[in-house]
Amino acid sequence: MKQDLYPTGTSPVHSAVVKLFYSRAARQLFTNAWYSLLSNLDRDAAIKFLNYGYASLNGEQVDLQAADEPDRYAIQLYHHVVSGTAIAGKNVLEVGSGRGGGASYVARYFHPRSFTGLDICKAAIRFSSARYADQDNLAFRVGNALSLPFENDSFDVVINVESAQHYGDMGRFLEEVHRVLRPGGEFLMACFEDPSKDVFPRDSLRQSRLRLVGEDDITANVARALELDGARRTALADEIVPRLLLGLSHEFAGIPGTQLHASFANGECPYYCFTCRKD
């Protein structure tokens, strides 16, 4: 990213944290540790989604039940990813299911035969398994995206929302997706470019054995969602995260005023939604 790492008005401590956040090796460590820390800090289970969200630029909104309304923008990202694919009656896998909110939404609204959420974070899987235990078509398990614990040709649809950029080897992940998908199955991914980790999803997909059948640049939609959801995200961070870590938590959350939000808003960090197929 090209922005000044020491924006005007930030403290030296905050600037040092942001600089560390954007260093390649440290960011990988922070990302993995951060999600585990959130699971321990969020004792009231207020955080069910970890993505940056999606907002229509013309004001259109997805119809939601009242209980889902607080997470509207995060849910709308999932809706945008999956709504063009026939999921009812299918066996679906989400790799990188995080806190389970997206898995719950898709399982409730799109009626797959089964939905399996997989994540490497044990704390997140414990949280998801307990919170969504009443959903009969939904299950969670611990696993590594680079070595999926499933047989060949196991799933009709594989979903990955804002997770693959953290894996370290996207090519290997895509090969695993190809392996577990049934012939004719679809892979749905939302992912942004991350030059700090050499993550360029369009290039990786074109080099994979999956056939790219649809691509949508949603950078402006993600930036708008962060703006509309900024107050709620800030309040959650301020309530849950220790003061010492607030600067870092705001960066992870993409709150307006951070470099991450700016990189979406000015287009320097393009964000895509992809549809791929296993022939």
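The chain of this predicted model contains eleven helices and seven strands. Of its 279 residues, 56% count as buried. The surface that remains exposed amounts to about 12400 Å², and carbon and sulfur atoms supply 51% of that area. Among the contacts with a separation of 6 or more, 72% link residues that are 24 or more positions apart in the chain.

The strands form an open sheet of seven, arranged in the order β3-β2-β1-β4-β5-β7-β6, and the pairing within this sheet is mixed. Strands β3 and β6 occupy the edges; each has a single partner strand, so one side of each is left without a neighbour in the sheet. From one strand to the next, the twist averages 15 degrees. In general, the strands of a sheet pair through backbone hydrogen bonds, in either a parallel or an antiparallel arrangement.

Strand β7 illustrates the antiparallel arrangement with two partners. Seven bridges join β7 to β5, and these two strands run antiparallel. Within β7, Tyr272 stands opposite Cys191, and Phe274 is the bridge partner of Met189. The pairing of β7 with β6 (residues 211–217) is also antiparallel and extends over six bridges. Here, Thr275 of β7 is the bridge partner of Gly214. Strand β7 is mostly covered, with five of its seven residues buried.

The buried nonpolar residues were examined next. In soluble globular proteins, nonpolar side chains tend to be buried together. The largest nonpolar core in the model has 38 residues, and those with the most contacts inside this core are Val81, Ile159 and Phe264. The elements that give two or more residues to the core are the helices α3 (72–82), α4 (101–109), α8 (219–228) and α11 (259–265), together with the strands β3, β4, β5 and β7 (271–277). Helix α3 gives the most, contributing six residues. A second, separate core comprises 26 residues, including Phe150, Phe155, Leu174 and Phe187. The surroundings of Phe264 can be described individually. When neighbours within four places in sequence are left aside, Phe264 is in contact with Tyr52, Phe192, Thr219, Val222, Ala223, Leu226, Cys269 and Tyr271.

Helix α6 (residues 170–180) was considered in relation to the sheet. This helix lies across β1, β4 and β5, and runs at about 150 degrees to β5. The buried residues of α6 are Met170, Phe173, Leu174, Glu176, Val177, His178 and Val180. These buried residues pack against β1 (91–95), β4 (155–161) and β5 (181–192), and also against helix α7 (201–207). An α-helix has 3.6 residues a turn, so residues three or four places apart point the same way.

A contact between two helices is found at α9 (residues 230–240) and α10 (residues 246–253). Their axes come within 10 Å and cross at roughly 145 degrees, and the crossing is right-handed. On the α9 side, the contact is made by Arg233, Thr234, Ala237 and Asp238, and on the α10 side by Leu246, Ser249, His250 and Ala253.

Several loop residues also merit description. Asp153 lies in the loop between β3 (138–142) and β4, and has a positive phi of about 55 degrees although it is not a glycine. Glu162, in the loop between β4 and α6, likewise has a positive phi of about 55 degrees without being a glycine. With respect to exposure, Asp153 is partly exposed, because its relative accessible area of 37% falls between the limits of 20% and 50%. Glu162 is buried, because its relative accessible area of 8% is under 20%.

A further loop residue, Gln135, is located between α5 (122–131) and β3. Its relative accessibility is 11%, and Gln135 therefore counts as buried, the cut-off being under 20%. Apart from residues up to four places away in sequence, Gln135 touches Ser104, Ala107 and Arg108.

Conventions. Residues numbered from 1 in each chain as written. Predicted model: local features only at pLDDT ≥ 70, side-chain atom pairs only at ≥ 80, totals over all residues. Heavy atoms only, no water. Buried < 20%, exposed > 50% of the residue type's maximum accessible area, 1.4 Å probe, protein only. Helix = DSSP H or I, 4+ residues; strand = E, 2+ residues; numbered from the N terminus. Contact = heavy atoms within 4.5 Å. Core = buried A, V, L, I, M, F, W, Y, C linked by side-chain atoms within 4.5 Å. Pairing = 2+ DSSP bridges. Axes fitted to C-alpha atoms, helices over the stretch in contact; angles between N-to-C directions. Areas by Shrake-Rupley, 256 points an atom, 1.4 Å probe, with all protein chains shown as cover. Left-handed = near helix turned anticlockwise from the far one by under 90°.
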